[in-house]
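Reader: I am new to this structure. Please give me a close look at one loop, and set it in its surroundings as you go.

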There are 2 protein chains.
Amino acid sequence: MKVKHELLRAFCVDAMVKFDMDKSDAETTADVMVTTDLMGINTHGSKQLYLLLKNMKEGGLSVKTKPEVVDEGPGFAVIDGNFAMPMVTATKAMNLAIKKAKETGIAYVGVKGSSHFGAAGFYANMAAKEGLIGLSMSNVDPCMAVPGGKTPHFGTNPIAYAIPTSNGKSVFLDIATSVSAVSKIFAAKILGKSIPDGWLIDSDGKPTNDPMKYPQDACILPMAGHKGYGIAVLIEVLSAIVTGASFTLDVPCWVRDFSKPANQGHAFIAIDIKKIIPIADFESRMNKMINQIHDAPKVDGIEKIYLPGEMEWEKYDRQLKEGIELPEDVVINLKKLAEELDMNMDEYLK
Amino acid sequence: MKVKHELLRAFCVDAMVKFDMDKSDAETTADVMVTTDLMGINTHGSKQLYLLLKNMKEGGLSVKTKPEVVDEGPGFAVIDGNFAMPMVTATKAMNLAIKKAKETGIAYVGVKGSSHFGAAGFYANMAAKEGLIGLSMSNVDPCMAVPGGKTPHFGTNPIAYAIPTSNGKSVFLDIATSVSAVSKIFAAKILGKSIPDGWLIDSDGKPTNDPMKYPQDACILPMAGHKGYGIAVLIEVLSAIVTGASFTLDVPCWVRDFSKPANQGHAFIAIDIKKIIPIADFESRMNKMINQIHDAPKVDGIEKIYLPGEMEWEKYDRQLKEGIELPEDVVINLKKLAEELDMNMDEYLK
């Protein structure tokens, strides 16, 4: 199904307002989701609204609470999400990191009392949009083994960064620290396909290519072995250990137990480049690096070498004009939402 | 060869003083190198003193200049290494990041005018020793392809972090963003062994297992494909693009062209945990996470699950007592140094 981004946004906003969320919070949340869909990252876009509102209905999240700053200093703050919509909490946190970084040069804002915040890259890009470098990360309920272990221990613990450029399109990366995103394993399950070597181990700790074993009898491996494990530990510490959020084995799964607050933690860091280097110098140095990458000698059969995030920006530009191509699984979730809220989806998504 | 750490340190200090370096700078440099050797990371320890002093002799580094702060604000600074010994510059930079983070919560210090700074983990651990979280990274001369490319573009761009714990042994990681460290490829060359799949591509962009092709006709691949590439880009930006150091294709190789200043850049970030969370809470949460990792159900044949950095700390403790086991290649470099400086190595390394 192809939809105009304005209409998808209107549908999401109206659904949340109908669900009794404040309009401004609904708009903030819809912006995160629709921007993510525009970039083609549909696993983390509007697909999740149904599941997040189910959390609100059953007690995992709260429809009326607001995130609040519980601790702060010149270059740091901690925000308690109070189990409000995670996109609202995360947006507030990155805005605060940006504001503080503009004073001090760099700032950290940690979050507790949150849940699934969508695509980490969205928040990193908030900073890049204002000319700062942004970093964004989160802990996640356990699904990944530690090297030598055979049970879920850490989450896929995503990390994202965004670096501004002179053309307004950031260089940005948004990755899981596991060898694969969970969504790819679920996709293989649905398609009945086996998965590549090195992604999963079964409950005996033996390698498996069978996605059907996941998650009950298998767990994901970290990317690049001990390296991904090590990075996941750092993300757990910055997102959850220092913020007071739940961590490792204590994080409930927000799409399995809808009634239990996940209490996930996030961390946001902003760096104000223009305090460090004149912005014209920065942009010309970035452009030199970007041009070098584009001009690098290519392997046979490769037409273009992409910067981190460049594929997503190309998709964003195209879908902004031509409409967003929503995969079947997203449409199913949007339909469930419309039914439950007694909304006429056809009015929006035509 | 097995040597006492105090004697290895004395040898290094005396060699640098004989070379006309200030005694305090020589001591700082020796501390970085000997601590690295104690942890068993001998590729990045005292082995490199000979090569760094060769840079000083031939013009790539300078024996008498000092690093200086060229720009600073509440939470950030930029240091020009002025081509002084990189360990002196990097130590000064991390000390400044720690000092500033104690005021603001988090601080960034970037460096230009440097060269090979040894093991990134040493500087991250400086922060952990004072109860802060430390991050340390550097750009490196090109040896790694970008995905789709077939020529050296980025360096192995290492990144390290260290997180303090209640027993004084940090949780720490020190990794290259390439699939393998360059030192492992050179080791395979010397031993005449082939290297694993996925490490190298040749100058046609085809996979190769032949280490003899490296570096003239091959380049390393990033860890975890586009993920390692993406992280290498961030490290290049934080270390070099914003600091004014040389970047990507313009970074000379410090062990090939000894007369040309490498002008590498580094970045250091310190986060003062105790401003964010009471230290007793932090330590008890860290201990819970650490115990959970140690207690995780193990794959058959695995006796212990290690925390990031734990193997290095075990080696450190053992070698502190029993002496440092120096591999042949390190001894060869120390001997060359003793010969050139007319020192009696046997007086120290007995």
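Author: Start with the contacts in chain A. Take those between residues at least 6 apart in sequence: 66% of them join residues at least 24 apart. Keep in mind that this is a predicted model. Chain A holds 12 helices and 12 strands. Its radius of gyration is 20 Å, close to the 20 Å that the globule rule gives for 350 residues, so chain A is as compact as a globular protein of that length. The C-alpha trace spans about 50 × 50 × 45 Å along its principal axes.

Now the surface of that chain. Of the 350 residues of chain A, 59% count as buried. The accessible surface of chain A comes to about 13,200 Å². Carbon and sulfur atoms account for 51% of that surface. Chain A carries 38 positive and 44 negative charges, and the mean positions of the two sets are 2 Å apart.

Next, the second copy. A turn of 180 degrees, with a shift of 0.0 Å along the axis, lays chain B on chain A with an RMSD of 0.0 Å. The two copies are thus related as by a two-fold rotation axis. Which residue of chain B comes closest to that axis? Ala224(B) does, with its C-alpha at 2.8 Å. The copies meet through the same surface, because 100% of the interface residues of chain B are also interface residues in chain A.

Here is the loop itself. In chain B, a loop lies between α7 (226-241) and β11 (264-271), and Asn263(B) is found there. Ala262(B) is found in that loop between α7 and β11 too.

Are these two buried or exposed? Buried means under 20% relative accessible area. Asn263(B) has 16%, so Asn263(B) is buried. Ala262(B) has 2% relative accessibility, so Ala262(B) counts as buried as well.

What does each one touch? Leave aside neighbours within four places in sequence. Asn263(B) is then in contact with Phe83(B), Lys112(B), Gly113(B) and Ser114(B), and also with Gly244(B), Ala245(B) and Ser246(B). Ala262(B), counted in that way, touches Gly60(B), Ser114(B), Ser115(B) and Ser246(B). Val251(B), Pro252(B) and Trp254(B) complete the list for Ala262(B). Compare the two lists. Ser114(B) and Ser246(B) appear in both.

One distance helps to place the loop. Ala262(B) and Ile159(B) are 103 residues apart in sequence. In space they are 19 Å apart, C-alpha to C-alpha.

Finish with a helix of chain B, α5, which covers residues 120-129. Helix α5(B) is mostly covered, with nine of its 10 residues buried. The buried ones are Ala120(B), Gly121(B), Phe122(B), Tyr123(B), Ala124(B), Asn125(B), Met126(B), Ala127(B) and Ala128(B). An α-helix has 3.6 residues a turn, so residues three or four places apart point the same way. Just after α5(B), Gly131(B) takes a positive phi of about 85 degrees.

Chain A can be read alongside. Helix α5 of chain A, residues 120-129, is mostly covered, with nine of its 10 residues buried. Among them are Phe122(A), Tyr123(A) and Met126(A). Just after α5(A), Gly131(A) has a positive phi of about 85 degrees.

Technical notes:
Residues are numbered from 1 along each chain as its sequence is written. Chains are lettered from A and ligands numbered from 1 in the order in which they are written. This is a predicted model: local features need pLDDT of at least 70, side-chain atom pairs count only at pLDDT 80 or more; totals for chains, interfaces and linings use all residues. Side-chain values use heavy atoms; hydrogens and water are left out. Helices (H or I, at least four residues) and strands (E, at least two) are DSSP runs, numbered from the N terminus. The radius of gyration is taken over C-alpha atoms; the globule rule is 2.2 Å times the number of residues to the power 0.38. Buried means under 20% relative accessible area, exposed over 50%, partly exposed in between (1.4 Å probe, protein chains only). Contact means heavy atoms within 4.5 Å. Accessible areas come from the Shrake-Rupley method with a 1.4 Å probe; for residues, only the protein chains shown count as cover. Lys and Arg count as positive and Asp and Glu as negative; His and the chain ends are not counted. The place of a charge is taken as NZ of Lys, CZ of Arg, CG of Asp or CD of Glu. Copies are superposed by least squares on the C-alpha atoms of residues with pLDDT of at least 70 in both.
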